[in-house]
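Colleague: Could you take me through the helix packing and the aromatic contacts here, one step at a time?

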Amino acid sequence: LSYSGFLLGEIDVALLPQYKKPSIVRSALSSDLSMLAVILEEKLPMKRFHLLTFDTSIVSSKRHEIQAIGHQFQHIHQAMAKMEEILSAIKSKWDEIQTLLKTQFDAFRTILRDHAAEGTMEEELLALLVRGMASPSTRQFLQNALPEASLKRLRKSIEISCADMTQLIAADLSSMSEIL
């Protein structure tokens, strides 16, 4: 038994011993919430259907509270769906950045492999940072595969993606989390 998408109760058909292998085909709650109608199917050699009615006046007596909770539930569900949409957009922007960087660093890995360099890409970059001197393979990567124009395009693409993510987080995601 549900109302506005949230569970109010359950009907355990196993507790109806007069029916053999029963299953609920359809159920409906009256508009004033005072009666529940259930169509039950018995799976015997021949299918048989039964209409059962249940007095739900206790639910009806709390109708206004249930309606208020139902509206809140729908509002929360919509806000959560919007948050999932925003998080998906943020993930997409992050994936764009990862793809751009992967493309650039795949070229570096290829150069390292071609030069039979002993270190990994990370070790080469760390050595450049610590010593201030680039190995021949790192120098080739920086000069050929990562020229200044390419770095500017990469920086611009990353800045745009980061700005988009920041806007999504600052405006949309924070407002949705406040609602919840």
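Colleague: How many aromatic pairs does a search of the whole structure find?

Modeller: This is a predicted model, and side-chain atom pairs were counted only at pLDDT 80 or more. On that footing, the search of the whole structure gives a total of two aromatic pairs.

Colleague: Are the rings of phenylalanine 108 and phenylalanine 141 stacked, tilted or edge-to-face?

Modeller: The ring centres of phenylalanine 108 and phenylalanine 141 are 4.4 Å apart, with the planes at 20°. Centres within 6.5 Å make a pair, and planes under 30 degrees apart fall in the first of the three classes, so the pair of phenylalanine 108 and phenylalanine 141 is stacked.

Colleague: How many residues apart in sequence are the parts that this pair ties together?

Modeller: Phenylalanine 108 belongs to helix α2, whereas phenylalanine 141 belongs to helix α4. The pair therefore ties together parts whose separation in sequence is 33 residues.

Colleague: Does phenylalanine 108 count as buried or exposed?

Modeller: The cut-off for the lower class is under 20% relative accessible area. Phenylalanine 108 has 0% relative accessibility and phenylalanine 141, its ring partner, has 1%, so phenylalanine 108 counts as buried.

Colleague: Which residues do ring pairs link into a cluster?

Modeller: Phenylalanine 108 and phenylalanine 141 form a stacked pair, and ring pairs join these two with one further residue. The cluster consists of Phe108, Phe141 and Phe105.

Colleague: Is α2 parallel, perpendicular or oblique to α4?

Modeller: Helix α2 (residues 63–114) packs against helix α4 (residues 136–145) at an angle of about 140°, and their axes are 9 Å apart. An angle over 145 degrees would count as roughly antiparallel, and 65 to 115 as roughly perpendicular. The angle therefore makes α2, relative to α4, oblique.

Colleague: How do the residues of the contact of α2 with α4 divide into nonpolar, polar and charged?

Modeller: On the α2 side the contact includes Phe105, Phe108 and Ile111, and on the α4 side it includes Ser137, Thr138 and Phe141. The residues of this contact divide into seven nonpolar, four polar and no charged.

Colleague: Is α2 roughly parallel or roughly perpendicular to α3?

Modeller: Helix α3 (residues 121–131) packs with α2 at an angle of about 95°, their axes being 10 Å apart. Since 65 to 115 degrees is the range for the class in question, α2 is, relative to α3, roughly perpendicular.

Colleague: How many charged residues are in the contact of α2 with α3?

Modeller: From α2 the contact draws on Phe105, Phe108, Arg109 and Leu112, and from α3 on Met121, Glu122, Glu124 and Leu125. Five of these residues are nonpolar and none is polar, while the number of charged residues is three.

Terms used. Residues numbered from 1 in each chain as written. Predicted model: local features only at pLDDT ≥ 70, side-chain atom pairs only at ≥ 80, totals over all residues. Heavy atoms only, no water. Axes fitted to C-alpha atoms, helices over the stretch in contact; angles between N-to-C directions. Helix = DSSP H or I, 4+ residues; strand = E, 2+ residues; numbered from the N terminus. Parallel < 35°, antiparallel > 145°, perpendicular 65-115°, else oblique. Contact = heavy atoms within 4.5 Å. Nonpolar A, V, L, I, M, F, W, Y, C, P; charged D, E, K, R; others polar. Phe/Tyr/Trp six-rings, centres within 6.5 Å; stacked < 30°, edge-to-face > 60°. Buried < 20%, exposed > 50% of the residue type's maximum accessible area, 1.4 Å probe, protein only.
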